[in-house]
Amino acid sequence: MLFDFDAMPHGNRYKLLVSCVVPRPIAWVVSRDAAGVLNAAPYSFFNVFGEDPAVVAISVGPRPEGSAKDTLANIQATGEFTLSMVPHDLAERMVITAADFPPEVDELAEAGLSTIASTKIGTPRIAESPVAMECTLWKTIPVGVHTMVMGEVKAMHIADEAVMNAERAYIDTPKLDLVGRMHGRGWYSTTRDRVEIPRITPAEWAARKKAAE
Ligand SMILES: Cc1cc2nc3c(=O)[nH]c(=O)nc-3n(C[C@H](O)[C@H](O)[C@H](O)COP(=O)(O)O)c2cc1C
């Protein structure tokens, strides 16, 4: 079935996109306001876009009534944030931090999470997560009512037990047991069901075709 995006309400475009662009990684963002009050929230419009500079981006939508989410306002105020990845055993607590609590409620405390100081920026990271990145604001790009926030990764923290070879930067990714966001408001996937599909060269492909003749 063809869906013509020029002839469709934007809410339906959103549903089609988030139903099919799956699983999406989740950035669990900690930011702080100018007074130092911490904020945490998950963002699954998230990915990595380069390594020199090492750039990650999230896309922050407006609140239902149109105002800016705390994450965006805080990052614009301080120019920095941390993001942590979400393992399966923290997924329910990640969802608690997405609730629309009033500003005086500490989402991290509500979810039973603690923070640990960063090394290069003033914003701390979620202590319980096995992977965290310290980021400085690189650029913001308006995308309609969303704002793409691009951050430069200044440091990464990875749990010792998942580091196989630090010098070569070999990480035991399955051990991290991370989750991704699926369709709808409440579906997630684990990263436990994997398949290995080796890359091939054109010569190997030609040999394979010849063998099948
Ligand atoms: C798994 C998950 C992913 C989310 N991804 C996004 C996203 O990419 N962009 C967005 O604007 N909101 C997203 N949200 C909703 C925000 O987390 C939610 O609006 C939160 O209250 C924002 O908090 P803040 O105002 O403290 O930034 C997501 C929620 C969940 C549970």
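**Entry 1: the stretch 19–172**

I began with residues 19–172, where the chain is 14% helix and 44% strand. The C-alpha atoms at the two ends of this stretch are 29 Å apart. I picked these limits from UniProt, where an unreviewed entry lists residues 19–172 as "domain: Flavin reductase like". I note for myself that this is a predicted model.

**Entry 2: the sheet**

Next I looked up how the strands are arranged. In which order do the seven strands of the open sheet stand? I read the order as β3-β2-β6-β9-β10-β5-β4, with antiparallel pairing. I reminded myself that strands of a sheet pair through backbone hydrogen bonds, either parallel or antiparallel.

Then I went to the edges. β3 (38–43) and β4 (46–51) stand there, and each has a single partner strand, so one side of each is left without a neighbour in the sheet. I also looked up the twist: neighbouring strands are turned by 35° against each other on average, direction ignored.

**Entry 3: β6, β9 and β10**

I followed the sheet from β6 across to β10. β6 and β9 make an antiparallel pair over five bridges. Here Ser84 stands opposite Ala132 of β9. I stayed with Ala132 and found that it also stands opposite His157 in β10. That gave me a short path to trace on screen, from Ser84 to Ala132 and on from Ala132 to His157.

How many bridges link β9 and β10? I found 12, in the antiparallel sense, between residues 131–143 and residues 146–158. One of the paired positions is Ile141, whose bridge partner in β10 is Met148. The hairpin of β9 and β10 has two residues between the strands, and Gly144 takes a positive phi near 60° there.

**Entry 4: β4 and β5**

I moved to the other end of the sheet order. β4 and β5 pair in the antiparallel sense over five bridges, and a hairpin of two residues joins them. Gly50 has Val55 of β5 as its bridge partner. Pro53 lies in the loop between these strands, and the peptide bond joining Asp52 and Pro53 is cis, with omega about 5°.

I then checked another cis bond. It joins Val22 and Pro23, with omega about -15°. Pro23 sits in the loop between α1 (10–20) and β1 (24–25).

**Entry 5: the helix and the cores**

What lies across the strands of the sheet? I found helix α2 (residues 70–78) lying across β2 (27–32), β3, β5 (54–60), β6 (80–84), β9 and β10. The helix runs at about 55° to β2.

I looked for the nonpolar packing next. The largest nonpolar core has 21 residues, and Val29, Ile58 and Leu83 have the most contacts inside it. At least two residues of this core come from each of β2, β3, β5, α2, β6, β9 and β10.

I chose Ile58 for a closer look. Setting aside neighbours within four places in sequence, Ile58 is in contact with Ala27, Val29, Tyr43, Phe45, Phe46, Thr71, Thr147, Met148 and Val149. Met148 was already in my notes as the bridge partner of Ile141. I also found a second, separate core of 13 residues, and it includes Val30, Val86, Leu90 and Ile126.

**Entry 6: cysteines**

I searched for disulfides and the count is zero. Are Cys20 and Cys135 buried or exposed? Cys20 is exposed, with a relative accessible area of 61%, while Cys135 counts as buried at 0%.

**Entry 7: two positive phi values**

I finished with two residues that are not glycine and still have a positive phi. Ala169 has a phi of about 60° and lies in the loop between β11 (163–165) and β12 (170–171). Ala169 counts as exposed, because its relative accessibility of 58% is over the 50% cut-off.

Asp177 has a phi near 55°, and I located it in the loop between α5 (173–176) and β13 (179–181). Why does Asp177 count as buried? Its relative accessible area is 19%, and buried means under 20%. So Ala169 is exposed, whereas Asp177 is buried.

Key:
Residues numbered from 1 in each chain as written. Predicted model: local features only at pLDDT ≥ 70, side-chain atom pairs only at ≥ 80, totals over all residues. Heavy atoms only, no water. Pairing = 2+ DSSP bridges. Helix = DSSP H or I, 4+ residues; strand = E, 2+ residues; numbered from the N terminus. Axes fitted to C-alpha atoms, helices over the stretch in contact; angles between N-to-C directions. Contact = heavy atoms within 4.5 Å. Core = buried A, V, L, I, M, F, W, Y, C linked by side-chain atoms within 4.5 Å. Buried < 20%, exposed > 50% of the residue type's maximum accessible area, 1.4 Å probe, protein only. Disulfide = S-S within 2.5 Å. UniProt positions renumbered as here; feature names shortened; annotations may be inferred.
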